[in-house]
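Colleague: Got a minute to walk me through this one? I'd like to start with the overall fold and then poke at a few details.

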Amino acid sequence: CGGGWGRVGEGGPAAIYDVAEEMVKAVGSGTPVVACPNAGHPKRVGHRNIYLATEEYFSVYAKRLFKSGVRMVGGCCGTKPEHIASVASAARMFGGGDDITPAPEEPAPAASASKKKKTEAGVALPEVPLSERTNLSAKVARIWEQRLKMGTVKGTPKGPEDFVVSVEVNPSPGLSTEKPVGTAKMLRAAGVDVVNIADGPRATVRMSNTALAEVVQRELEMETIIHVCCRDRNVLGLMSDLLGNYSRGLHNLVIITGDPPKMGDFPKATAVFDMDSVGLLRMVHGLNTGLDPAGNQFAGQAKYFCATGAEPGAVDYEREIRRLKEKIAAGADMVMTQPVYDPSVMRKFLDDVSNFPKPVPILLGLCPLVSSRNAEFLHNEVPGMSVPQNIRDRMAAVGGGPSGVAEGVSIARELLEQFQDEVVGCYVMPQLGKYEAAIDVVRHLGYGADDSASRRDKGAA
């Protein structure tokens, strides 16, 4: 080690991971750690040493190394361009695209601006208030202003009338929308406000989330939130989709950077990442003020309601908080957190966000576990997810089946009950199609009853 950096090398990915993880713990966040594994252990073939680790295997450990807190991952003996490309894909996901997004020449206009702001090419209009954009944004604004007093007080929710619930429902494989639309219908009847539809989650190939969202809104008269990620489209494609989706009535967005293709069904697919979530938020904010990405005025003014993601349990927490401040400054109207199973982690996050120059409403992310195996998979295989040992022990004690689902619901409900008087609502991500479990998590707040839908609609009136 030298120059304030710690380096570990000479070993396969698994061995280097074990050493690097301990190094990160030992040196703390003040000293960056670099890991450069070999492409596995060499095998002697004739007069040559052959390294047999595939780029897919290398990618798995690159993600684990970044998750553990390693700041830079490279390759040593036996690595090829394909191995380094797999590391780059992992870095894009954990790095949020910092290295590929040019800094703006001028900051985006303040979201609360009450006067027109002149630019070289056009005039930025004041954004339309949240209360006038969508039904969802209007309800969020009302709860934020009335129950939570702009984040300055705690307020116990009465039920569906002053609490927002979003449930993730993604397209099924294939061509049919029947199953996800049926799920959305059940959730709407139970009092759920909106369904949240991901954009190629974990880089898998599914029907366009905008197509499913359009069907849900048309057939059920239920608003949706669509994820918009930066992975698959260049700037021109993103802009084209934003304009088209607005005309289709898809006005609630979650802006994310996106998972790299290496995680999904087509690892050779090319990731675009012309910009990251901060850059995309600036673009949408521009549309909301009547300007295109070049600063030119265009016909009309958008009324998008933009949420963004945050990871309370991020390994590099300081960076996560810094990035979240950038997202809010770029135009994010609401924060949707990644699932957290440790109350102390969520406590710190909520306290820190409440001290931001501009606090914003928060939807608490909940992911009800369904089995011990599910808990171990999320903890060990999904980047950004951490399931504490005590929670995994609880799930191990019940195993799987109905008992596992019930215990997962109890864990999620316990967390929600601790923080429900500080957030505008929750965002539930059911595992393995267990959508009834999402309702069970919020049943204590009046969801899943005969009058849940009417109470929700009464609160929105």
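**The barrel and its surroundings**

Modeller: Sure. Eight strands form a closed barrel with parallel pairing, in the order β8-β9-β10-β11-β12-β13-β14-β15. From one strand to the next, the twist averages 25°. Keep in mind that this is a predicted model.

Colleague: How many helices and strands are there in the protein?

Modeller: The protein has 15 helices and 15 strands. Of its 461 residues, 52% are buried.

Colleague: And among contacts between residues at least 6 apart in sequence, what share joins residues at least 24 apart?

Modeller: That share is 77%.

Colleague: Let's zoom in on β10. Which strands does β10 pair with?

Modeller: Strand β9 (residues 194–197) runs parallel to β10, joined by three bridges. Strand β11 (residues 252–256) is also parallel to β10, with four bridges. On the β9 side, Val195 has Thr224 as its bridge partner, and Ile197 sits opposite Ile226. On the β11 side, Val228 faces Ile255. To get from β10 to β11, the chain passes through helix α7 (residues 235–247), in a right-handed β-α-β crossover.

Colleague: Are the residues of β10 buried or exposed?

Modeller: Buried, six of six, for residues 224–229. One side carries Thr224, Ile226 and Val228, while the other has Ile225, His227 and Cys229. That split fits the usual pattern, where side chains in a regular strand alternate between the two faces of the sheet.

Colleague: Why does Val228 count as buried?

Modeller: Because the relative accessible area of Val228 is 10%, and the cut-off for buried is under 20%.

Colleague: What does Val228 touch, leaving out residues up to four places away in sequence?

Modeller: Val228 touches Asp199, Leu238, Leu253, Val254, Ile255, Ile256 and Leu280. As for spacing, Val228 and Thr308 are 80 residues apart in sequence, with 9.9 Å between their C-alpha atoms.

Colleague: Leu253 is on that list. What is Leu253 itself in contact with, beyond its neighbours within four places?

Modeller: Ile225, Ile226, Val228, Leu242, Val284, Tyr304, Phe305, Cys306 and Ala307. Leu253 also belongs to the largest nonpolar core, which has 74 residues. Along with Val167, Leu280, Phe349, Leu416 and Cys426, Leu253 touches the most other members of that core. Another core lies apart from that one, with 17 residues, including Leu136, Val164, Val254 and Tyr427.

Colleague: Ok, switching to helices. Which strands does α8 lie across?

Modeller: Helix α8 (residues 277–288) lies across β10, β11 and β12 (305–310), at about 150° to β11. Helix α13 (residues 401–419) packs on the sheet too, where α13 touches β14 (362–366) and β15 (425–428). The direction of α13 makes about 160° with that of β14.

Colleague: I'd like a sanity check on α13. What end-to-end span should α13 have, and what does the model give?

Modeller: With 19 residues at 1.5 Å a residue, α13 should span 27 Å. The C-alpha atoms at its ends are 28 Å apart, which agrees.

Colleague: Which residues of α13 are buried, and what do they pack against?

Modeller: The buried ones are Gly404, Val405, Glu407, Gly408, Val409, Ile411, Ala412, Leu415, Leu416 and Phe419. The buried residues of α13 pack against α10 (343–354), β14, α12 (389–398), β15 and α14 (435–442). For background, an α-helix has 3.6 residues a turn, so residues three or four places apart point the same way.

Colleague: β14 has come up a couple of times now. Which residues are on its two faces?

Modeller: Ile362, Leu364 and Leu366 are on one side, and Leu363 and Gly365 on the other. Five of the five residues in β14 are buried.

Colleague: And how does β14 pair with β13 and β15?

Modeller: Both pairings are parallel. Strand β13 (residues 334–337) pairs with β14 over two bridges, and Val335 stands opposite Ile362. β14 and β15 pair over four bridges, with Leu363 opposite Gly425. There's a right-handed β-α-β unit here as well, made of β13, α10 and β14.

Key
Residues are numbered from 1 along each chain as its sequence is written. This is a predicted model: local features need pLDDT of at least 70, side-chain atom pairs count only at pLDDT 80 or more; totals for chains, interfaces and linings use all residues. Side-chain values use heavy atoms; hydrogens and water are left out. Buried means under 20% relative accessible area, exposed over 50%, partly exposed in between (1.4 Å probe, protein chains only). Two strands pair if DSSP finds at least two bridges between them. A crossover is right-handed if, with the strands pointing away from the viewer, the path from the first strand over the helix to the second runs clockwise. A nonpolar core is a set of buried Ala, Val, Leu, Ile, Met, Phe, Trp, Tyr and Cys residues joined through side-chain atoms within 4.5 Å. Contact means heavy atoms within 4.5 Å. Axes are lines fitted to C-alpha atoms, for helices over the stretch in contact, and angles run from 0 to 180 degrees between N-to-C directions. The expected span of a helix is 1.5 Å times one less than its number of residues.
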